[in-house]
Amino acid sequence: MGKPRYRCPDCERENLAVSQFYFDKTKPAGRSTYCRDCTRRRQRERRQRLSQRTDYELATARPGSQRCNVCHVVKNTDQFYNSRSTPNALRYACRDCSSQAVAEWRDRNRTNKETNQ
Ligand SMILES: [Zn+2]
Ligand SMILES: [Zn+2]
């Protein structure tokens, strides 16, 4: 009676010994889905993909922080006011930029009023 043989669905090699697979307790079979070579390659590719992510992707993927649309600085979400009109319920501009925008808007309004009079 021969030892059980496995097939890797990635490189499609059949007849692989169980030793060709990493142990993986999270899988029902107790071993990884892909053979060692493929698992290593996939991990390498994943690392590469992660290192090639753009600043924007990093900023949005990071939980608890968001990138300000005005100063483009990634800040903790508690640095943003809440908003009902955005998908993640946070304003696009950070508190600093928001208050600055309001101050500028007031300034502009005041000047407009003054010039209108
Ligand atoms: Zn494989
Ligand atoms: Zn800002």
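How many helices and how many strands are there in the protein chain?

**Figure 1. Overview of the secondary structure in the predicted model of the protein chain.** The protein chain holds 3 helices and 6 strands, and, read from the N terminus on, these elements follow one another in the order β-β-α-α-β-β-β-β-α. Of the 117 residues in the protein chain, 6% are buried. When contacts between residues at least 6 apart in sequence are considered, 20% of them join residues that are at least 24 apart.

**Figure 2. Close-up of the loop that holds V70, between strands β3 and β4.** V70 lies in the loop that runs between β3, residues 65-67, and β4, residues 74-76. V70 is classed as partly exposed because 15 other C-beta atoms lie within 10 Å, a count between the limit of 12 or fewer for an exposed residue and that of 20 or more for a buried one.

**Figure 3. Close-up of V70 and residues distant from V70 in sequence.** Leaving aside residues up to four places away in sequence, V70 touches A93 and C97. V70 and D96 are separated by 26 residues in sequence, while their C-alpha atoms are 9.8 Å apart in space.

**Figure 4. Close-up of helix α2 and strand β2, where confidence in the protein chain is lowest and highest, respectively.** Across the protein chain the mean pLDDT is 86, and 89% of the residues reach 70 or more. Helix α2, residues 55-61, has the lowest confidence, with a mean of 64, whereas strand β2, residues 31-35, has the highest, at 95. Where pLDDT is low, predicted coordinates should not be read in detail.

Note on methods:
Residues are numbered from 1 along each chain as its sequence is written. Chains are lettered from A and ligands numbered from 1 in the order in which they are written. This is a predicted model: local features need pLDDT of at least 70, side-chain atom pairs count only at pLDDT 80 or more; totals for chains, interfaces and linings use all residues. Helices (H or I, at least four residues) and strands (E, at least two) are DSSP runs, numbered from the N terminus. Two residues are in contact if their C-beta atoms, placed from the backbone, lie within 7 Å. pLDDT is the predictor's confidence in each residue, from 0 to 100.
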